[in-house]
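This report is meant for a reader who is meeting the structure for the first time. Please keep the sequence and the model at hand while reading.

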Amino acid sequence: MKKATAGRKVERDGANAEGRVGGDALAGNAGELHQTTGGEHPPLTTNQGLPLSDNQNSLRGSPRGPTLLEDFILREKITHFDHERIPERIVHARASAAHGFFELTRSLAKYTTATVLTEVGAKTPVFTRISTVAGGAGSVDTPRDVRGFAVKFYTKEGNWDLVGNNVPVFFIQDAIKFPDLIHAVKMEPDRGFPQSATAHDTFWDFISLTPEAMHMVMWIMSDRTLPRSLRMIEGFGVHSFRLVNAAGDATFVKFHWRPKLGLQSTIWDETVKLAGADPDYHRRDLFEAITAGNFPEWELSVQLFTKEEAEAFPFDHLDATKLVPEELVPLQVIGRMVLDRWPDNFFAETEQVAYCPSHLVPGIDFSNDPLLQGRLFSYLDTQLSRLGTANFHQIPINRPKCPFANHQRDGHMQIAVPRGRVAYEPNSLSTDSPREAPSQGFRTAPLKESGEKGRIRAESFADHYSQARLFYMSQTSHEQAHIASALVFELSKVEHLHVREAMVGHLRRVDEALAKRVAGGLALEKMPAPAHAAAPVQNMAPSPALQIIGKMKVTLEGRCVGILIADGSDGEAVNALKKAVLAAGADVKVVAPKVGGAKLADGATMSADGQLAGTPSVVFDAVAVIVSEAGAHALAKESAAIDFVRDAFGHLKAIAVDAGGRLLLEHARVEGDAGVVDVGDRKGFLSAAKTRQWAREAQVRTLA
Ligand code: HDD
């Protein structure tokens, strides 16, 4: 009979045969064969520091008997595991984040005392989290959704959180509507779907009854909510804030982040397919860029205006559904943000980071925007619920990098060990306890208030359509078509006819032609009456700065080209193209039917970065097909290869082909146009790849 040693630890080197009996040898230690060897591994311990001798087997009454309650090691491990999750954010649960720095290039000393905005050349550490809004933490990266753009500046004077979005306006004017808005957009409560989508009844029902949302609706129906990369989105502080100088004078300010790589979006069909091809598309893209040293960068700009200037605007800038056109108040670039370090741990940093619009520094102050005022309460309250303690500021990602001291004490998870007798202020018993600092401390900039107390919406907030119209009218014709088509798509998912009609009624106030296109796309029998407008709709001068196409940078920098190869491909042609694309600043990935690679015409093997079935062309900005005639015939039988070229064409991408590649296009019934270029014409391909083939769109889909 074997010795009763089944539960005993097997030696790491596997030499001790004594313990290798029964389940121990089979289940317990099979994985050990693959553990790394060498290096200095510290002993595995419990949370109390007790070294473990066995992490594979729980304590059992006999080798095949019950597990014992005595097994405190098992219980500690499982208990901790059971408590691993904290409540996910009610909005903005899905996100990616990175560390970096903000460098000031132009001083705003005339307007503010905030050193982060006055010390040119100083680098302030930041942690930036970019999120979707509606989906849960495990939802895909690419729904049609607004992106949150939250930056924590660890300044010398405390943490400043600029918690914005990639859209400069918001759905509602008053924070009291926020829970309704979010309940409307989230999964419908009786059925639990759709996840992360506005295309459903409750969202559009709420919107159709909320005219102030129309401006933001234009933005979310545009391709702004379908970003190509998180590195290619803009960010906005949305609200007006105030900068306060040493004399106590206040100037209104709006903050804008502009991506160095230019603004770029995908198109709807591409986005839908991306969600299946790679649910982590944006996270992977950001991770790969940062780990490769291609650090994403944004310029920070401000719009500055006085109270008197604001009074002359044809809208109220305290209303978060309004933007200040940059043609009216130009942007001034004041610095840059570079994200150069991926977090070490997703939970500890990206999940536990706690942003609050109420985190600001001396020299920056709030405005009376009623949405902002409500946010000042909501975020702190949310962090208490999410992180479970008022001591969340002690978590490393949230801790200010400047000294901080006060008399707040105790509470759950208190990490600090305050010394001394005194925990109050004023006091006469201590010589070194923290005291208020009148000269350097935060001061609220004075503002005279007068008027009637009450639940009253200012009359200056009544114009809900003029800027919606401004946005729509400022777009190129391609972008207008995308907005109209997005509205048709979304409203087609709405079951209630009266909601569809109500929305078209609103669109009639934005632009009659747009309303007609959407009504046509929905096949409405008759045109609904225009919605009531509480204020006359103004015709504002178009603002080209609101476009995407106009702002797309003609570049391959930060983009990626996919080259499809197969057995028999011309390796020289592939390498020459690779070299040219890399020189233009883009990344290159080779796709082949098998990930191990393909046997080239010269007999050499070229390895692949992706398998064709799992690497569709949607993940690339432009593609090339370099295959032999036999290769083309073989690929013609693969739907993944046909989809590869058809989608690249349908998504308006440049395609480089050799003779075999052209053959595959023929099989896919892709006729070709100016964006389909011979692989030898590298200059032609690079120039086509730097943009989209907009002229092709009418050929490949019917837009509203
Ligand atoms: Fe909010 C999170 C941006 C209005 C209440 N919001 C959150 C985040 C961003 C924004 C980027 C994620 C922060 C992170 O990465 O952790 N929110 C905005 C913008 C708004 C806005 C730009 C309008 C201009 N939010 C808004 C209102 C309320 C909230 C009016 C409530 C009255 N937002 C929250 C929240 C969240 C949040 C529930 C969820 C998680 C969190 O705060 O930390 O408190």
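## A buried histidine in helix α5

A residue is called buried when its relative accessible area is under 20%, and exposed when that value is over 50%. The model shown here is a predicted one, and H215 is a useful residue on which to try out the definition. Is H215 buried or exposed? With a relative accessible area of 2%, H215 is buried, because this value is under the cut-off of 20%.

H215 belongs to helix α5, and its side chain is joined to the side chain of W219 by a polar contact of 3.0 Å. When residues up to four places away in sequence are not counted, H215 touches V169, T321, K322, L323, H464, Q467, A468 and F471.

## The ligand and its iron atom

The ligand holds an iron atom, and the protein offers this atom a single donor, which is the OH of Y379 at 1.8 Å. Y379 sits in helix α10, the helix that covers residues 370-387. Around the ligand there are 23 residues, of which the closest are R89, R129, Y379, T382 and Q383. Sorted by class, this shell is made up of 12 nonpolar, eight polar and three charged residues.

Which elements each supply at least two residues of the shell? They are β3 (147-155), β4 (158-165) and α10, and α10 gives the most, with six residues. Polar side-chain atoms also approach the ligand: one of R129 lies 2.6 Å from an oxygen atom of the ligand, and one of Q383 lies 2.7 Å from an oxygen atom of the ligand. For R375, the partner is a nitrogen atom of the ligand, which lies 3.3 Å from a polar side-chain atom of this residue.

## Two nonpolar cores

In soluble globular proteins, nonpolar side chains tend to be buried together. In this model the largest nonpolar core has 63 residues, and the members that touch the most other members are F171, W204, I207, M218, L487, L514 and V518. Two or more residues of this core come from each of α3 (178-185), α4 (201-208), α5 (214-221), α11 (466-473), α12 (477-492), α13 (497-510) and α14 (512-521). The element that gives the most to this core is α5, with seven residues.

One of the members named above, L514, can serve as an example: leaving aside neighbours within four places in sequence, L514 is in contact with M218, Y472, A484, L487 and L507. There is also a second, separate core, which has 37 residues and includes F149, L300, M337 and L372.

## H256 and its surroundings

H256 is placed in strand β7, which runs over residues 250-259. Its relative accessibility is 8%, and H256 therefore counts as buried. Apart from neighbours within four places in sequence, the residues in contact with H256 are G235, F236, E299, L300, S301, Q303 and L331.

Two of these contacts can be described further. H256 and S301 are 45 residues apart in sequence, yet their C-alpha atoms are 5.1 Å apart in space. With Q303, H256 makes a polar contact of 2.8 Å, from side chain to side chain.

## Backbone details in the loops

Cis peptide bonds are found at two prolines described here. The bond from F193 to P194 is cis, with omega near 0°, and P194 has its place in the loop between α3 and α4. Another cis peptide bond joins E425 and P426, with omega about 10°, and P426 lies in the loop between α10 and α11.

The loop between α10 and α11 also holds M413, which has a positive phi of about 55° although it is not a glycine. Is M413 buried or exposed? M413 counts as exposed, because its relative accessibility of 62% is over 50%. A positive phi, near 60°, is likewise found in R669, a residue other than glycine. R669 lies in the loop between α18 (659-667) and β18 (676-678), and at 74% relative accessibility R669 counts as exposed.

Terms used
Residues are numbered from 1 along each chain as its sequence is written. This is a predicted model: local features need pLDDT of at least 70, side-chain atom pairs count only at pLDDT 80 or more; totals for chains, interfaces and linings use all residues. Side-chain values use heavy atoms; hydrogens and water are left out. Donors are N, O and S atoms within 2.8 Å of the metal (3.2 Å for Na, K and Ca); water is not among the atoms, so sites may look incomplete. Helices (H or I, at least four residues) and strands (E, at least two) are DSSP runs, numbered from the N terminus. A residue is near a molecule or strand if one of its heavy atoms lies within 4 Å of it. A polar contact is a pair of N or O atoms within 3.5 Å; within protein, one must be able to donate a hydrogen and the other to accept it, and residues adjacent in sequence count only if both atoms are side-chain atoms. Ala, Val, Leu, Ile, Met, Phe, Trp, Tyr, Cys and Pro count as nonpolar, Asp, Glu, Lys and Arg as charged, and the others, Gly among them, as polar. A nonpolar core is a set of buried Ala, Val, Leu, Ile, Met, Phe, Trp, Tyr and Cys residues joined through side-chain atoms within 4.5 Å. Buried means under 20% relative accessible area, exposed over 50%, partly exposed in between (1.4 Å probe, protein chains only). Contact means heavy atoms within 4.5 Å.
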